[in-house]
Amino acid sequence: MRTTRTRFAALGAVALLGLTGCTAAAGEEPVGPNGLPQQLVWSTYNVGTGTYNDLAAIANTLTTEEGVQVRLMTADTGIGRLAPLVNGTVDYSRAGDEYYYAFEGDYEYASPEWGPQDLRMVWAPLGNYGLLVREDSGIESFADLEGKRFPELTANTSINNKMEGFLNYGGLTGDDVQKVPVSYGEQIAALEAGQIDALYQNVVGSNIDELSSKHDVKWLGFDDPDPARYETWDELMPMVSVGEVTDGAGMEKGESARVLEYTIPLTTLASRDADEVYHLVKSMVEHYESYGTTTPDTHRFSFDAVLKEPLVVPFHEGTVRYFEERGVWTEELERKNQELVERGERMREGWPGVVGSSSEETLAQDWAEWKKTELDTEPATDPSEETDDEN
């Protein structure tokens with residue numbers, strides 16, 4: 001795992017080459033014989049994160065194998081990763097849960113400037129993420145976080161929601177810890193400086209590897225199956241599950257931890273050309289062997305490993321076409337995808353009316369109430385008809 005660190009730096013240099021001055025999306029670029037434009041711009045997390053390293057490996061491969069220059073634009077906040085996608089500065093974004101919040105128009109996206117966005121998933125590799133502490137911190141479980149200095153990530157609702165879920169798992173709330181405002185990328189330095197006692201990260205990545213090479217660290221695990229410990233998770237993080245990892249930073253051979261598992265997908269706008277999206281995912285699959293072992297997580301981009309079920313945001317029609325071609329897209333998956341497409345349409349139709357009848361202070365709550373009434377109410381059924389419980 002640690003032997004790949006120098007490769008990360010080289011790939012990052014390739015991916016960032018020529019980024020300065022980029023202000024137009026690749027949609028205006030001529031399309032080559034491979035069905036892809038000559039240049040693409042993707043937004044993602046900061047340099048050194050596992051998320052960035054994965055995309056740098058893929059960007060390098062697309063450049064080498066397809067002649068497509070892929071530039072990576074980094075940001076430390078959810079808005080910073082999604083705003084360039086919505087305004088056309090970038091073509092694709094590998095974002096955290098903000099892709100879901102923006103699709104729904106929730107949290108910071110429940111504002112007149114945003115509202116529900118017509119987003120689509122393109123490729124959805126699963127990953128593992130968790131809460132890391134130093135071995136000498138005295139923190140053995142989530143309950144031990146009581147009274148500790150706990151990061152509150154700047155402009156990062158998706159992770160802050162997960163952090164609240166972590167505390168709830170330990171029988172705590174945000175009132176039981178000392179919250180320390182910090183950006184996602186500043187967490188490692190803050191932990192080393194003793195400003196925070198825990199941090200949230202991908203379990204792999206050059207920056208977290210470097211931390212574990214200097215300090216003994218460990219990941220707090222979700223080892224208790226009691227449903228009561230997870231009762232707030234459906235609201236706080238509906239797209240996550242618990243997965244077991246054995247190759248996280250700081251882990252010895254044979255050691256494992258139960259941490260979060262969810263996708264940080266490559267996303268784009270629904271209006272993105274379907275042929276382009278189809279050829280992009282096809283190229284990522286066909287050239288997988290060129291990048292699949294480059295980082296600890298690029299194996300998750302393989303066709304067999306990626307998520308194929310639309311959970312909270314629909315897949316792009318170009319991706320669906322590829323899944324159909326490969327024989328993995330079922331009627332049930334199509335039904336779920338179309339339900340999400342229709343949900344998005346109804347939200348975007350209803351949004352202007354809610355904005356027009358709400359004040360700035362009440363908009364988020366009014367929007368939540370509108371969705372609960374218009375979208376989330378179970379349809380009435382005839383009690384004489386036999387029913388079953390299907391999700």
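Me: Axes are lines fitted to C-alpha atoms, for helices over the stretch in contact, and angles run from 0 to 180 degrees between N-to-C directions. With that in mind, at roughly what angle do the axes of helix α12 and helix α13 cross?

Reply: Happy to help, and please keep in mind that this is a predicted model. Helix α12 covers residues 331-356 and helix α13 covers residues 363-374, and their axes come within 10 Å. The crossing is right-handed, and its angle is roughly 135 degrees.

Me: Is α12 perpendicular or oblique to α13?

Reply: Angles from 65 to 115 degrees count as roughly perpendicular, and those over 145 as roughly antiparallel. The axes cross at roughly 135 degrees. That value fits neither range, so the relation of α12 to α13 is oblique.

Me: How many residues in the contact of α12 with α13 are nonpolar?

Reply: Let's look at who meets whom. On the α12 side are Arg-343, Arg-346, Met-347, Gly-350, Trp-351, Val-354 and Val-355, and they meet Leu-363, Asp-366, Trp-367, Trp-370, Lys-371 and Glu-374 in α13. Five of the contact residues are charged and one is polar, while the number of nonpolar ones is seven.

Me: Within what distance do the axes of helix α9 and helix α11 come?

Reply: Here is another helix pair: α9 spans residues 274-286, and α11 spans residues 317-325. Their axes cross at roughly 50 degrees, and the crossing is right-handed. The axes come within 7 Å.

Me: Is Gly-318 buried or exposed?

Reply: Gly-318 lies in helix α11 and touches Ala-274, Val-277 and Tyr-278, not counting residues up to four places away in sequence. Its relative accessible area is 0%. Buried means under 20%, so Gly-318 is buried.

Me: Which are the edge strands of the open sheet of five strands?

Reply: The strand order is β2-β1-β3-β12-β4, with mixed pairing. An edge strand pairs on one side only, and this holds for the two ends of that order. The edge strands are therefore β2 and β4.

Me: Which residue in β12 stands opposite Arg-120?

Reply: Strand β4 covers residues 119-123, and β12 covers residues 266-269. These two strands run antiparallel and are joined by four bridges. In β12, the residue opposite Arg-120 is Thr-268.

Me: Which helix packs on the sheet, touching β1, β2 and β3?

Reply: Neighbouring strands of the sheet are turned by 30 degrees against each other on average, direction ignored. The helix in question covers residues 50-66, and its direction makes about 160 degrees with that of β2. The helix is α2.

Methods:
Residues are numbered from 1 along each chain as its sequence is written. This is a predicted model: local features need pLDDT of at least 70, side-chain atom pairs count only at pLDDT 80 or more; totals for chains, interfaces and linings use all residues. Side-chain values use heavy atoms; hydrogens and water are left out. A crossing is left-handed if the near helix is turned anticlockwise from the far one by less than a right angle, and right-handed if clockwise. Contact means heavy atoms within 4.5 Å. Buried means under 20% relative accessible area, exposed over 50%, partly exposed in between (1.4 Å probe, protein chains only). Angles under 35 degrees count as roughly parallel, over 145 as roughly antiparallel, 65 to 115 as roughly perpendicular and the rest as oblique. Ala, Val, Leu, Ile, Met, Phe, Trp, Tyr, Cys and Pro count as nonpolar, Asp, Glu, Lys and Arg as charged, and the others, Gly among them, as polar.
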